[in-house]
Every structure is written in C-alpha cells, then in structure tokens.
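I opened this notebook to look up how charged side chains pair up, and I kept each entry short.

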Amino acid sequence: KGQKETIEAIRRLVAEGLPVRLLLIGFSTATLQEEVEAWIREAGMEKHVTITGRVGDVAACLSALDVGVIASLWSETIARAALEIMACVSTSVGVMPDLLPAEALAAPGDVDALTALLRRAVVDAAWRGDLARTCSERIATLRDEDFLQQTLAVYAEACRRRRSSL
C-alpha cells in the first residue's frame, strides 16, 4: 500500500543528498515482498532501504524511527500504525485526516507531495517535534470505548441503508 511511491520519494531525497533511510516493517500482504524488493533494486536503493519481515517487537522498530510514513493508496479504516507512530506523515485516505494534522497529509499516489512532507520531516526538526506532539495529543484523546461506539455506529448505519434499499 504505497511502498513504491515511498521508495521513489526516498530516492529523490537521497539524490538531494539528504541522509535518509527507509525501514519497511512487515511482511507480504497486499503486495508481495519480492515485488517490493524489485522496486528497491530498480530505484538503486538497496543501501537505503531495509525490509524487516515479520518482527516480534514492533514497538522497538517504531521507536527507532524519526518519522513514520503511511503512503496508502486505498483504504485505511483503522490505521493502527499511525496511532503507534508518534510522528507520522501520510496520504489522506480513509481515517487518516481524522488522525493527523492536514499539514502532514498528501494525496494518495502524489509522490511530489509525499517527498515534500518527508523532506520537511528530515530538515525541520521543530516541525517534526510539533508533529510528534500533535500525534501524541491525538492518540491520548482516543479511547477504546469511543472506537467501539463509532465502529458500531458505522455498522448500524450500513444495516439501516441496506434495509431501506430492500
């Protein structure tokens, strides 16, 4: 979900001489790891990108990040990763505009905008710190009970619409 675009954004930043590395945490799901590895090779980014595969201690991997990227091209209904990463930039799919400030969002597939967000995160420590604080404050407002109630409301509305269309 957006790995190719993220790899391209990182390639552009490396070409500008910025000291960036990309850590892809996880394993094959919607996109096979072999396909992602091919994109990395095509971009000449083998020295700058690492794929972890399945990890036991996700929290340790996340704490190693300066900034997280959620570059999804389609659905983000829960976006757990964005809630776990304290400083995050993302595409504006699904719930992401509800979780992150507008200045941390790019349109899905817009590599130029994603590159600009990542560039800002790399070169502007104050902005990165503000982003981390904003994300941390947002996650502090989220409660399991609220999430449950909002989820149930979505299902109830879907059921209501289905019944009214029959």
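**Salt bridges**

I looked first at helix α1 (residues 3–15), where Arg-12 and Glu-8 are 4 residues apart and so separated by about one helical turn; helices, like strands, are DSSP runs numbered from the N terminus (helices H or I, at least four residues; strands E, at least two). I note that this is a predicted model, in which local features need pLDDT of at least 70 and side-chain atom pairs count only at pLDDT 80 or more, while totals for chains, interfaces and linings use all residues. Residues are numbered from 1 along each chain as its sequence is written, and side-chain values use heavy atoms, with hydrogens and water left out.

Arg-12 and Glu-8 form a salt bridge, with their closest N and O atoms 2.9 Å apart; the term means a side-chain nitrogen of Lys or Arg within 4 Å of a carboxyl oxygen of Asp or Glu. I found Arg-12 partly exposed at 26% relative accessible area, and Glu-8 partly exposed at 22%, where buried means under 20%, exposed over 50% and partly exposed in between (1.4 Å probe, protein chains only). Both residues also belong to a network of salt bridges that links Glu-8, Arg-11, Arg-12 and Asp-112.

Next I looked up Arg-119, whose side chain meets that of Glu-16 in a salt bridge (2.5 Å, N to O). Because Arg-119 lies in helix α6 (residues 111–123) and Glu-16 in the loop between α1 and β1 (22–25), the pair ties together parts that are 103 residues apart in sequence.

Finally, I noted that the structure holds 8 salt bridges.
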